[in-house]
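These are my notes from going through the contacts between two chains, followed by a short look at a single residue.

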Amino acid sequence: MAAIKVHGNPLSTASMRVLATVYEKEIDHEFVFVDMRAGEHKKEHFLSFNPFGQVPALEDGDLKLFESRAINKYIACEYAVKGTQLIYQDSKKMAITSVWMEVEAQQYDPAASKLGWELAIKPLLGMSTDTAVVEENEAKLAKVLDVYESRLAQSKYLGGDCFTLADLHHLPTLHYLFGTQVKKHFDSRPHVSAWVADITARPAWLKVLALLSQQ
Amino acid sequence: MATPVKVYGPPMSTAVSRVLACLYEKNVEFELISINMSKGEHKKPEFLKLQPFGQVPAFEDEGISIFESRAICRYVCDKYADKGNKGLYGTNPLAKASIDQWIEAEGQSFNPPSSTLVFQLAFAPRMNIKQDKVVIRQNEEKLSKVLDIYEKRLGEARFLAGDEFSLADLSHLPNTQYLVSGTDKGNLFTSRENVGRWWDEISSQDSWKKVVDLQKGT
């Protein structure tokens, strides 16, 4: 059986999001490195995988997919019997998980990625941080985390009793944010803090970090 | 007969209208419960129980209460798979994956610049909020780049995810409706041949016409 191929770059949060899923599901895969410094993601060959010129992209047989969250849902469904269950089969439980997957994508990620870019990535590239953007997005993130604190007081994981994609999707940006001043917003909320400690300790996530540290 | 599902929020809200379009497309009966946002009803404790971020829509069906318009649409399509447009969310896993891919593209690439333009150009004037010309220009540029990619894609396929109208196309209806009918930025869509053709086709769906009527009625 042909292995699935993940085209991406370990430094990219979206690529890490897919790698985390592939490791959780224990799927044989090939990681095809896309050299973003050389602009490979904007060239014709890669654009045939993702017309938006962004990593990652997935190949599974004849299927090509882009958008990390869509890729992860596909993997979670297609390989449901392998590794960790990352979605619920029960439709009501899946509906709740689906809500929190959208919350991550629409409420959490916009603020979290902007903060990660300003505070973690820009300094590495020798670019200066925009403090106005940081202030605005820290305030937004704090409000989102207040909602998370209430939710996680009632539920061990965002979707329910079990770890699912709704939790996993947060891991890559969490990784970058925890190296910055933003960490305090997570530490100061006890249920959020416990949830972060739990999900970042997962063996599959540690494998993603090991790959990253080789770069 | 089943109890109608409940949708909370005004039909003029883009996210509410996304859910209404899906319910019409799937022939699922609904009760629309008004939320007076100018009076801050969406920030009150009773509403926050349904939607903890204080945003519309919220949704209830037998024993379930959910929010986030795209999650609501997916739930409706899965629960009522045999009703109305059966192919709206695909009838096999590969079709569903392709539709999810373009729903994500809508949510991550199309929605940010288009919703900012909708707010600046259609809502801000009504709310006596000053428009920000720099923000408008930046987001028009971003949206143009996204629509260039859509132009190419819609030259390869009739709809975003393939040959059939899907939830992916539907997700784009609310913001585009405002931009084409309520602002001077409609040419972003109509000046691109394939995007223009696609917009004509998806906005002619009976389900969308019903939503537009509902919006005009309020």
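I looked up the salt bridge between A:Glu102 and B:Arg74 and found that their closest N and O atoms lie 2.7 Å apart, in what I must keep in mind is a predicted model. Across the interface of chain B and chain A, I noted that the rule finds 2 salt bridges.

Next I checked polar contacts, and I recorded 7 residue pairs between chain B and chain A, with both residues at pLDDT 80 or more. I then asked which elements of chain B supply at least two residues each to the side that touches chain A, and I listed strand S4 (64-67), helix H3 (69-79), helix H4 (93-123) and helix H5 (133-156). H4(B) gives the largest share of that side, with 13 residues. Sorting the residues on this side of chain B by character, I got 16 nonpolar, 9 polar and 6 charged.

For the extent of the interface, I found 31 residues of chain B in contact with 26 residues of chain A. The two chains, B and A, bury about 2,500 Å² between them, and 64% of this area is on carbon and sulfur atoms. I also noted that B:Phe53, B:Gln101 and B:Gln108 supply 23% of the area that chain B buries against chain A, which is more than any other three residues.

Finally I turned to B:Asn194, which I placed in helix H9 (residues 193-203) of chain B. Is B:Asn194 buried or exposed? I entered it as buried, because its relative accessibility is 18% and the cut-off for buried is under 20%. Leaving aside residues up to four places away in sequence, I found that B:Asn194 touches B:Glu151, B:Leu154 and B:Gly155.

Definitions and conventions
Residues numbered from 1 in each chain as written. Chains lettered and ligands numbered in written order. Predicted model: local features only at pLDDT ≥ 70, side-chain atom pairs only at ≥ 80, totals over all residues. Heavy atoms only, no water. Contact = heavy atoms within 4.5 Å. Buried area = accessible area lost by both parts, 1.4 Å probe. Salt bridge = Lys/Arg side-chain N within 4 Å of Asp/Glu carboxyl O. Polar contact = N/O pair within 3.5 Å; in protein donor to acceptor, adjacent residues only side chain to side chain. Helix = DSSP H or I, 4+ residues; strand = E, 2+ residues; numbered from the N terminus. Nonpolar A, V, L, I, M, F, W, Y, C, P; charged D, E, K, R; others polar. Buried < 20%, exposed > 50% of the residue type's maximum accessible area, 1.4 Å probe, protein only.
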